[in-house]
Amino acid sequence: MLAPFTNELDRLAPSFQINGSDIQIIKSPTDFYETLKTKIRHAKRRVFLSTLYIGKSEKELARHPPTRTNIATLQEALRTNPELKLSILTDALRGTREAPNPSCASLLAPLVAEFGPDRVEIRMYHTPNLTGMRKRHIPNRINEGWGLQHMKLYGVDDEIILSGANLSSDYFTNRQDRYHLFASKEVTDHFWKLYQGVTSLSFLVEPTQEAAGFRLHWPSTNAAPSPLEEPAKYIAQSTKIISNLISLGHDQTSLSAPHSSSSPKDTTVYMLGQLSQLMRPDTSTELPVITHLLKTLASPKYSGSSWTFTAGYFNPDPTLRNLLLSTASQNNTVITASPYANGFYGSKGVSGLLPGAYTYLARRFLREVHQRNRDSSIVLKEWRKGTVGESEGWTYHAKGLWVTLPNEKNPSMSIIGSSNYTKRSYSHDLEAGALIVTRDEDLKRRLGAEQRWLQDFARPVTLDDFATNERRVGLNVRIAMWIVSLVGGAL
């Protein structure tokens, strides 16, 4: 039953053969944090971390604050091993928005000052879509709707964690996400090369004595002119670089080759990259891969299959939403954050309207489910563990897809990565992830367990639930959504 999927997948995206035992599924935010710190402490050659941001209070992870006696993880690793090199990639808009107050950039710049630019490189990507009048007049936080560095790649030597989690205290304590650790040099090297491609198109953070503690510099050695000065030329150059790094032809000797080993591998990992903003034409791989999966599931012979789809911020791209509704699969589940588990719940200003916006979009999805007579085969669940901002309150940030084939109990396919599967993901942000296709029964069992435990705090919601006064969405939310779309942004 896998052949109709893999025959086309092999033409859509690069892949590597590994064993299911090479993938570790991490369950909780604290386990993710402890695993990452342990890997960094034992790093021999390289640590590369791609994230939207590192929380400005994450001193334990980043560096040793003067008022504390314990040595922070990255600083400790660099001091212990003179051969170790560190590279960090974040987003420029998110990473500097608090400046000149403490920010992600000011947190990381002292690492360069202490260990030197030969050992520590801090890069910040800036979208070419926000320049001129837009950049000057669109306020912070809202301006992030025009594109972000959103890839979550946490590489240490020859292992990598793929996730949707950023590096801040909530993601280490009370924000539920997904985290897969791949013990594979080939997988890690692929994402390292993609990472290097994006860093060559990003600003360099340099420490200074100014109030902000840093400056953003565009090195002459970068692969393109600054996106703020010559965005068209920047995209022309980035297209050449990125398309080569995510295409099927890159590093062809390692891709999808039959294994000559006496013990054949049981799992294929397809490399997914969605970097639409950096490529004209767009040759990203994630959307074509997920499109193929769901189109294949529309065949009547897969009526015995099932899928689970999750996104903390529920706003699937219209094409993807239609494909989910068109599958022949039964017993399907969509998991999204309750408004009380949405990371924007209680936020000030326009961002405080976002939980209502996602509620509106979830209700619209359920209406489509009903209109297509899919009520018996698709259930929407909202995840809630307490209330954001209150004691013991968690947020939900997980994203992914699991597919269970007919006559099987557990998924044999799953997508893991940074994408929220939105229009914004497929047009504005930089995303990276992987599709796992496995014949290994133990990995299938563990993927099934992951799919189930993410529903421990989720309950079904119906159109009747959305009709209550508590769940009604105000006109201000709809106007805000319209304005963001009108000026070129996206949720």
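This predicted model packs 15 helices and 20 strands into its secondary structure. Its radius of gyration is 22 Å, and the globule rule gives 23 Å for 491 residues, so the protein is as compact as a globular protein of that length. If you're setting up a box, the C-alpha trace spans about 65 × 65 × 45 Å along its principal axes. Below: two sheets, the cavities, and a few backbone oddities.

**The sheet that starts with strand 1**

- Here nine strands make an open sheet with mixed pairing, and the order reads 1-12-19-18-17-13-14-15-20.
- The edges belong to strand 1 (15-18) and strand 20 (458-461); each has a single partner strand, so one side of each goes without a neighbour in the sheet.
- From one strand to the next, the twist averages 20°.
- At the strand 1 end, strand 1 pairs with strand 12 (residues 267-274) in the antiparallel sense, over four bridges.
- To pick out that pairing on screen, look for Ser15, whose bridge partner in strand 12 is Tyr270.
- Helix 12 lies across strand 14, strand 15 (378-383) and strand 20, and it runs at about 165° to strand 15.

**The sheet that starts with strand 2**

- This one is also an open sheet of nine strands with mixed pairing, in the order 2-9-7-6-3-4-5-10-11.
- Strand 2 (23-26) and strand 11 (214-217) sit at its edges with a single partner strand each, so one side of each is left without a neighbour in the sheet.
- The average twist between one strand and the next is 20°.
- Within the sheet, strand 3 (residues 46-50) and strand 4 (residues 85-91) run parallel and are joined by five bridges.
- Phe48 is a handy marker for that pair, with Ser87 as its bridge partner in strand 4.
- Helix 4 (residues 73-80) packs on the sheet and touches strand 3, strand 4 and strand 5 (120-125), with its direction at about 155° to that of strand 4.
- Helix 6 (residues 104-115) packs on the sheet too, touching strand 4, strand 5, strand 10 (203-207) and strand 11; its direction makes about 150° with that of strand 5.

**Cavities**

- Rolling a probe the size of a water molecule over the atoms shows where empty space is left.
- The structure has three cavities of 30 Å³ or more, and the largest holds about 60 Å³ of space.
- Lining the largest cavity are Phe314, Thr336, Ala337, Ser338, Pro339, Asn342, Pro355, Tyr358, Thr359, Ala362, Glu382 and Arg471.
- Strand 14 (332-337) and helix 12 (354-371) are the elements that give two or more residues to that lining.
- Helix 12 supplies the largest share, with four residues; this is the helix that lies across strand 14, strand 15 and strand 20.
- By class, the lining of the largest cavity breaks down into six nonpolar, four polar and two charged residues.

**Backbone oddities**

- As a bit of background, most residues other than glycine have a negative phi, and most peptide bonds are trans.
- The peptide bond from Ala99 to Pro100 is cis, with omega near 10°.
- Pro100 is found in the loop between helix 5 (92-96) and helix 6, and helix 6 is one that packs on the sheet.
- Another cis peptide bond links Arg280 to Pro281, where omega is about 5°.
- Pro281 falls in the loop between strand 12 and helix 10 (286-297); strand 12 is the antiparallel partner of strand 1.
- Asn331 isn't a glycine, but its phi is positive, near 55°.
- You'll find Asn331 in the loop between helix 11 (318-326) and strand 14, and strand 14 also contributes to the lining of the largest cavity.

Terms used: Residues are numbered from 1 along each chain as its sequence is written. This is a predicted model: local features need pLDDT of at least 70, side-chain atom pairs count only at pLDDT 80 or more; totals for chains, interfaces and linings use all residues. Side-chain values use heavy atoms; hydrogens and water are left out. On a 1 Å grid over the protein atoms alone, a cavity is a set of points where a 1.4 Å probe fits but cannot get out, and a pocket is an open set with protein on both sides within 12 Å along at least five of seven lines; lining residues have an atom within 4 Å of a point. Grid points are joined across faces, edges and corners, and a volume is the space filled by probe spheres set on the points. Ala, Val, Leu, Ile, Met, Phe, Trp, Tyr, Cys and Pro count as nonpolar, Asp, Glu, Lys and Arg as charged, and the others, Gly among them, as polar. Two strands pair if DSSP finds at least two bridges between them. Axes are lines fitted to C-alpha atoms, for helices over the stretch in contact, and angles run from 0 to 180 degrees between N-to-C directions. Contact means heavy atoms within 4.5 Å. The radius of gyration is taken over C-alpha atoms; the globule rule is 2.2 Å times the number of residues to the power 0.38.
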